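Here are some exercises to work through with the model open in your viewer. Try each task before you read its solution.

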Amino acid sequence: MEKLSANFAMARQLLTDSHMNARQRLIVGAVVEELDRALEALHALEHEPETTDGEPIEAYFQLVSDASIEGLVLHENGRILLVNDRMCEASGFRPEEVIGQSLIKFVPPDSVEALRAHVLSGSSDPYRAQALRKDGTSFPVEVTGRNFPHPERIIRLACFRLLPS
């Protein structure tokens, strides 16, 4: 949370940088808005009582999902736990077709190793890959993942930004 707050402060500072052009300011402004929403969601999660296993994770995912313009997938060791509407719209799958499945099912064979490497390393560095639509065609995405420790396991949130074909 502290690192996210520091990144948020840095992004806000960038908005005052006189060396940025209008497009750069627009992009950084959008990032600041996303970070602000994420911080609000994290704050809400910290103050939410844990009544049953998984409820806080689902509540956090819903808050972030509603605020995000990206496709989001929450998974544990590659098994999909939750997916947002934007990811479903891009891929053509319904949530019930995706939840419980392996991530590998939704990437072409040439993207499997990059996916596996990032998941296993816990890397939060963005990388480019291909994702599969329900009709079998692929589409380019930039993926950024982040691990979230849970009392009993490691949960990973993957953000998928659609790239031009």
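## Exercise 1: the nonpolar cores

The largest nonpolar core has 21 residues, and V73, V141 and F160 make the most contacts inside it. Keep in mind that this is a predicted model.

**Task.** Work out which helices and strands each supply at least two residues of this core, then list what F160 touches.

**Solution.**
- Start with the helices: α4 (85–91) and α6 (112–121) each supply at least two core residues.
- Now the strands: β2 (79–83), β3 (127–132), β4 (138–149) and β5 (154–162) each do so too.
- Next, take F160 and skip residues up to four places away in sequence; its contacts are then E70, G71, V73, M87, V141, E142 and V143.
- Finally, don't merge everything into one cluster: a second, separate core has 10 residues, including F61, L72, L82 and L157.

## Exercise 2: the sheet

**Task.** Find the strand order of the open sheet and say which strands sit at its edges.

**Solution.**
- Trace the pairings across the sheet: its five strands run in the order β2-β1-β5-β4-β3, with antiparallel pairing.
- Look for strands that pair on one side only, and you land on β2 and β3, the edge strands.
- For the twist, ignore direction: neighbouring strands are turned by 40° against each other on average.
- Zoom in on β4 and β5, which pair in the antiparallel sense over nine bridges. In β5, L162 is the bridge partner of V141.
- Then add a helix: α6 lies across β1 (71–76), β3 and β5, and runs at about 120° to β3.

## Exercise 3: salt bridges

**Task.** There are six salt bridges in the structure. Which residues are linked with R94 in a network?

**Solution.**
- As a reminder, side chains of opposite charge can pair when their charged atoms come close.
- Begin at R94 and E96, whose closest N and O atoms are 2.7 Å apart.
- Check how open that spot is: R94 counts as partly exposed because its relative accessibility is 44%, while E96, at 55%, counts as exposed.
- R94 also bridges to E97, with the closest N and O atoms 3.7 Å apart.
- Put it together: the network of salt bridges links R94, E96, E97 and K134.

**Task.** Which parts of the chain does the salt bridge between E142 and R161 tie together?

**Solution.**
- The closest N and O atoms of E142 and R161 are 3.1 Å apart.
- E142 lies in strand β4 and R161 in strand β5, so this pair ties together parts that are 19 residues apart in sequence.
- As for accessibility, R161 counts as partly exposed, at 36%.

## Exercise 4: the aromatic pair

**Task.** The count comes to one aromatic pair. Are the rings of F93 and F106 stacked or edge-to-face?

**Solution.**
- The ring centres of F93 and F106 are 4.9 Å apart.
- Their planes stand at 85°, so the pair is edge-to-face; the cut-off for that class is over 60 degrees.
- Now place the residues: F93 is in the loop between α4 and α5 (95–98), F106 is in the loop between α5 and α6, and the two are 13 residues apart.
- Last, check burial, where the cut-off is under 20%. F93, at 14% relative accessibility, counts as buried, and F106, at 10%, counts as buried too.

How values were computed:
Residues are numbered from 1 along each chain as its sequence is written. This is a predicted model: local features need pLDDT of at least 70, side-chain atom pairs count only at pLDDT 80 or more; totals for chains, interfaces and linings use all residues. Side-chain values use heavy atoms; hydrogens and water are left out. A nonpolar core is a set of buried Ala, Val, Leu, Ile, Met, Phe, Trp, Tyr and Cys residues joined through side-chain atoms within 4.5 Å. Buried means under 20% relative accessible area, exposed over 50%, partly exposed in between (1.4 Å probe, protein chains only). Helices (H or I, at least four residues) and strands (E, at least two) are DSSP runs, numbered from the N terminus. Contact means heavy atoms within 4.5 Å. A salt bridge is a side-chain nitrogen of Lys or Arg within 4 Å of a carboxyl oxygen of Asp or Glu. Two strands pair if DSSP finds at least two bridges between them. Axes are lines fitted to C-alpha atoms, for helices over the stretch in contact, and angles run from 0 to 180 degrees between N-to-C directions. Rings of Phe, Tyr and Trp (its six-membered ring) pair if their centres lie within 6.5 Å; planes under 30 degrees apart count as stacked, over 60 as edge-to-face and the rest as tilted.
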